[in-house]
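User: I would like the reasoning behind the labels used for this entry. Please take the labels one at a time.

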2 protein chains.
Amino acid sequence: MNSPLRIGIAGLGTVGSGVVKLLAEHGRLLSVRGGRPLKIVAVSARSKKKRDIDLTGMRWEKDPMALATAPDIDVVVELIGGSGGVARRLVQKALASGKHVVTANKALLALHGTELAALAEKKQRSLAFEAAVAGGIPIIKALREGLVGNRVKRLYGILNGTCNYILTTMRETGRDFDVVLAEAQAAGYAEADPTFDVDGIDAAHKLAVLTGAAFGARVDFAGVHVEGIRRVTSMDIEFAQELGYRIKLLGLARETRHGIEQRVHPCMVPLDTPIAHIEGVFNAVVVEGDFVGTTMFQGRGAGQGPTASAVVADLVDVARGRDMPAFVVPAEKLATKKASPMDRHVGAYYMRLMVQDRPGVIAAVSGALAKERISLESMLQRGRSESGEVPVVLTTHETEEAAMRRALARIAKLGAVAEEPCVIRIEAF
Amino acid sequence: MNSPLRIGIAGLGTVGSGVVKLLAEHGRLLSVRGGRPLKIVAVSARSKKKRDIDLTGMRWEKDPMALATAPDIDVVVELIGGSGGVARRLVQKALASGKHVVTANKALLALHGTELAALAEKKQRSLAFEAAVAGGIPIIKALREGLVGNRVKRLYGILNGTCNYILTTMRETGRDFDVVLAEAQAAGYAEADPTFDVDGIDAAHKLAVLTGAAFGARVDFAGVHVEGIRRVTSMDIEFAQELGYRIKLLGLARETRHGIEQRVHPCMVPLDTPIAHIEGVFNAVVVEGDFVGTTMFQGRGAGQGPTASAVVADLVDVARGRDMPAFVVPAEKLATKKASPMDRHVGAYYMRLMVQDRPGVIAAVSGALAKERISLESMLQRGRSESGEVPVVLTTHETEEAAMRRALARIAKLGAVAEEPCVIRIEAF
């Protein structure tokens, strides 16, 4: 039997405990598949509270940083989380000390991925992070290896299960965002502080990492345009259905002549595209390559089992000595690409206005759009209301975001428009 | 710059030409991603006819076997096809001579995969075959690497684009199999001799390869139960829709207490499952792992670009020295598993009978089912006809295939049953 791969795990939350369980349950299987035993030598966590895992034979390190330098450890698994602090120091120190690193930390990679990749390469060690994006879906491997023969034209995906669960439930029940969020929190599908999820930040972290691996570009989280789902109403979800769309929070990246466009925001997705049917806590990533065409990868985007599955896949790669530059090309060859400004985004738009139901309103709205040379694709007006306010829904043909914003500013100022217009970008695939 | 990976390509049909084009177009990109240039040193094909590819600088070998022993070749790409003959001899000889082999040949792997994997391991060379299954979808890599931490519980997929195209078109147009097949042949989506595709053999080859990689078992093509799509009528497709299903030709594999069940046949797939919506020439594979849960991979299952993408991914793995046992565990550790006999299959069934529209027929049919303790889930009877023959559609709860076959034999003998009953298995996911 070959010598074991000696593992140190920092962080024993949901994911860390999952890794311990998986390695315990499939130890024999994995020593055959990995060519050598995968052995957890030491663990570290904030508290020594009781967990439903067996830590027998593993050293307890009070300070996770001790894992980075322990002579009996080959690979450090960082499952602490957070873009700075201990997690960052641990990964840096571990790589600098010649350890391989496996991490599920998207925030860390989104902010410091390029620098950490360079360090790993300098030390000829692996920096592996399959678990950082889309849970158990092997999308990083797909981008770096399975689709390596392609120039990626575009990628997009449902990258946050909490948001997708909320949007799915809103559609299925007709209830509003706040109600569904509260339920999701009670059910454990959303955090007590849901900001990272519902405001799109988590999806943006993941998108930045995917973009790096797909385009061989320096990870540029600051270049991601981010909007969350708080402003999506059940009324918009209903109109979407009527117009042949489903509302999804997508992360999208593509190269344009202005640079790399990275954006996370609610989208109107045509019902006849596969990604429209990814529901609940599932994630999906679509990759469009110049040779392979359109491919889609879907699965559970979070949770103990799926994330542990991804971490262990990375560990088997390390055990077998299979390596690949973190972001498809060596760090010094990563392209520095300009972030394409959102003003330059070209696409179609959905706009819902609440207007006073009186003559001339539609004419004024369409006038404001015409002034910016934005042409209408469809218009829906629904019923009459006691209060006199009715929703008017417009969809446009493709236009530049800057023009749309100017038109919106004008429309918001119209006396008959009762509240800030709700605007959702329509995606064509 | 590192020394180039020297490639010999046998076969310059659609796929071979695609590989030449891809390597020409992305040569610089791939030398960075692969860590060294990927250089085609020699090619071989049956005829020297004019092709739309540039073969400058590549040696022409009249005999493909010369590639297997040429001292200036590191890896042989076998794109000749066929389970025996030259293809098999070439792969054997190349491995025996210490070359790596990349192949798209599912028939060869389905029949001789285990033996070739053993040879590759003995010689410490790669046997890579991402292109053999599901075109550009990196499903072999997903099974062997990305999902390596899981015990696979079940896998199933749409593995033949021709069949899926025909079934999709039959549903969309209401036309019959023969008509749609003829159109598909004219459009180039089906071969002049469609047997391998429409009779399910191609899908069965692919399933056998997937099963090996998913379960770490010896490849057992003989253990696959195979039925094609010739007997699917547009009437059944309509009834399926009415009952909430779509008819798909699936390949399915799972472990049962009787052994490994591998089967390829038309299935009734619930409309609310993602695989029901994979249409046209697309392929999809669903993998259910014990930790990762359900994952699905979809994309183009054939064609020049997608297949070349898969071949080149394998070449980059070889260039980087990344290897993995062909079927997830070393050949000598591959499990020899009994094929679960089809009689032991347990599932629900759809049955359409054409019956004389007279009293007592339904009673006789349900009596035959009751005798085998098969319980009905639903029954549909449609209208009256001039000829007196009307379709009756029954769906059953789960039962054993053997019981169903006995009941069918009885039903077929009933005087009022006009033609052989059409039976399609219902899959629950």
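User: What makes the six strands of chain B an open sheet, and in which order do they run?
Analyst: This is a predicted model. In chain B the order is β3-β2-β1-β4-β5-β6, with parallel pairing. The two ends are β3 (59-60) and β6 (127-128) of chain B, and each pairs on one side only. Those are the edge strands of the open sheet.

User: How do you know that strand β1 and strand β4 of chain B pair?
Analyst: Two strands pair if DSSP finds at least two bridges between them. Strand β1 (residues 5-10) and strand β4 (residues 75-78) of chain B have four bridges, in the parallel sense. So the pairing criterion of at least two bridges is met. As for residues, B:G8 has B:V76 in β4(B) as its bridge partner.

User: Which helices lie on these strands?
Analyst: Helix α1 (residues 14-25) of chain B lies across β1, β2 (38-44) and β4 of chain B. Helix α1 of chain B runs at about 150 degrees to β2(B). Helix α12 (residues 304-319) of chain B also packs on the sheet. Helix α12 of chain B touches β1, β2, β4, β5 (100-103) and β6 of chain B, and its direction makes about 165 degrees with that of β5(B).

User: What makes up the contact between chain A and chain B?
Analyst: Chain A gives 45 residues and chain B gives 45 residues. On the side of chain A, the elements that give two or more residues are α2 (27-33), α6 (139-146), β12 (293-300) and α12 (304-319). The residues on that side of chain A divide into 22 nonpolar, 14 polar and nine charged.

User: How do you know that β12(A) and strand β12 of chain B pair?
Analyst: Count the bridges again. β12(A) and strand β12 (residues 293-300) of chain B share three, in the antiparallel sense. The criterion asks for at least two, so the strands pair. The bridge partner of A:F297 in β12(B) is B:F297.

User: Why is the relation of chain A to chain B that of a two-fold axis?
Analyst: Two copies of a chain are related by a rotation about an axis and a shift along it. Here a turn of 180 degrees and a shift of 0.0 Å along the axis lay chain A on chain B, with an RMSD of 0.0 Å. Therefore the relation is that of a two-fold axis. The same surface serves both copies, as 100% of the contact residues of chain A recur in chain B.

User: Which domains does the assignment give for chain A?
Analyst: The assignment gives domain 1 (5-132), domain 2 (139-301 + 327-342) and domain 3 (345-426) of chain A. The C-alpha centres of domain 1 and domain 3 of chain A lie 52 Å apart.

Note on methods: Residues numbered from 1 in each chain as written. Chains lettered and ligands numbered in written order. Predicted model: local features only at pLDDT ≥ 70, side-chain atom pairs only at ≥ 80, totals over all residues. Contact = placed C-beta atoms within 7 Å. Nonpolar A, V, L, I, M, F, W, Y, C, P; charged D, E, K, R; others polar. Least-squares fit on C-alpha atoms with pLDDT ≥ 70 in both. Domains from an automatic or database assignment. Axes fitted to C-alpha atoms, helices over the stretch in contact; angles between N-to-C directions.
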